[in-house]
Amino acid sequence: MNKQDLISIVAEAGDLPKAKAGDVVDAVFDAITKSLTKETDVRLVGFGTFSVSKRKAGKGRNPRTGEEITIPATATVRFKAGKGLKDALN
C-alpha cells in the first residue's frame, strides 16, 4: 500500500472527496512528525507506539580503503506494534 492507496481508503471510509482525504492523511502524518521532532512518543491505542531512539556516535572502517571513519550520532524512529495490531495479524 502506498500513500495514494491510503488516501483512497480514507476517502471511501469517511465519504470524503479524495482531495479532502489527502489533506486529512497529510495532517495526521504532520502531527506525528511534529510530535517526534519534539521527542514525544505517539501512542495510538490498539495500533502501536512511535518513539525516537538515539544512536551513539561510533567508529567504523571504510571497507574499500580500510581507513577509519567517524560515524555521527543520529536519531531514528522506532515503532512498537500494539496488541490490537498484533492480534489482527495472528
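**Figure 1. A hairpin built from β3 and β4.**
Two strands count as paired if DSSP finds at least two bridges between them. In this predicted model, strand β3 (residues 58–61) and strand β4 (residues 68–71) meet that rule, pairing in the antiparallel sense over 4 bridges. Together β3 and β4 form a hairpin, with 6 residues between them. Follow the turn and you will come to G66, whose phi is positive, at about 80°. Along the strands themselves, G58 stands opposite I71 in β4, and G60 has I69 of β4 as its bridge partner.

**Figure 2. The whole chain, for orientation.**
Before we zoom in further, here is the overall layout: 3 helices and 5 strands make up the chain's elements. Starting at the N terminus, the elements run α-α-β-β-β-β-β-α. The C-alpha atoms fill a box of roughly 60 × 30 × 30 Å along the principal axes. The chain has a radius of gyration of 19 Å, whereas a compact globule of 90 residues would have one near 12 Å. Of the 90 residues in the chain, 17% are buried. The chain exposes about 7,300 Å², and carbon and sulfur atoms supply 56% of that area. Among the contacts with a separation of 6 or more, 27% join residues 24 or more positions apart.

**Figure 3. Three phenylalanines in a ring cluster.**
A search of the whole structure finds 2 aromatic pairs. In one of them, the ring centres of F47 and F79 are 5.5 Å apart and the planes meet at 55°, so the pair is tilted. F47 sits in the loop between β1 and β2 while F79 belongs to strand β5 (residues 74–81), so this pair ties together parts that are 32 residues apart in sequence. How buried or exposed are these two residues? F47 has 38% relative accessibility and therefore counts as partly exposed. F79, at 39% relative accessibility, counts as partly exposed too. The rings of F50 and F79 have their centres 4.8 Å apart and their planes at 50°, so this pair is tilted as well. Here again distant parts of the chain are linked, with F50 in strand β2 and F79 in strand β5, 29 residues apart. Through these ring pairs, F47, F50 and F79 are joined into a cluster.

**Figure 4. S53 and its partner R78.**
Now for a polar detail: S53 lies in strand β2 (residues 48–55). Is S53 buried or exposed? Its relative accessibility is 17%, and the limit for a buried residue is under 20%, so S53 counts as buried. The side chain of S53 makes a polar contact with the side chain of R78, at 3.1 Å. Leaving out residues up to four places away in sequence, S53 touches T74, A75, T76 and R78.

**Figure 5. V42 and the residues around it.**
V42 is part of strand β1. With a relative accessibility of 12%, V42 counts as buried. Which residues does V42 touch, apart from its neighbours within four places in sequence? The contacts of V42 are I32, S35, L36, G48, T49 and F50. One of these partners, I32, is 10 residues away from V42 in sequence, and the two C-alpha atoms are 6.6 Å apart in space. F50 is a link back to an earlier view, as it is also a member of the ring cluster with F47 and F79.

**Figure 6. Two positive phi angles at residues other than glycine.**
This last view visits two loops. D15 is found in the loop between α1 (3–14) and α2 (18–37). Although D15 is not a glycine, its phi is positive, at about 50°. The relative accessibility of D15 is 71%, so this residue counts as exposed. E39 lies further along, in the loop between α2 and β1 (42–44). E39 is not a glycine either, yet its phi is positive, at about 60°. For a glycine with a positive phi, look back at G66 in the turn of the hairpin formed by β3 and β4.

Key. Residues numbered from 1 in each chain as written. Predicted model: local features only at pLDDT ≥ 70, side-chain atom pairs only at ≥ 80, totals over all residues. Heavy atoms only, no water. Buried < 20%, exposed > 50% of the residue type's maximum accessible area, 1.4 Å probe, protein only. Polar contact = N/O pair within 3.5 Å; in protein donor to acceptor, adjacent residues only side chain to side chain. Contact = heavy atoms within 4.5 Å. Rg over C-alpha atoms; globule rule 2.2 N^0.38 Å. Areas by Shrake-Rupley, 256 points an atom, 1.4 Å probe, with all protein chains shown as cover. Phe/Tyr/Trp six-rings, centres within 6.5 Å; stacked < 30°, edge-to-face > 60°.
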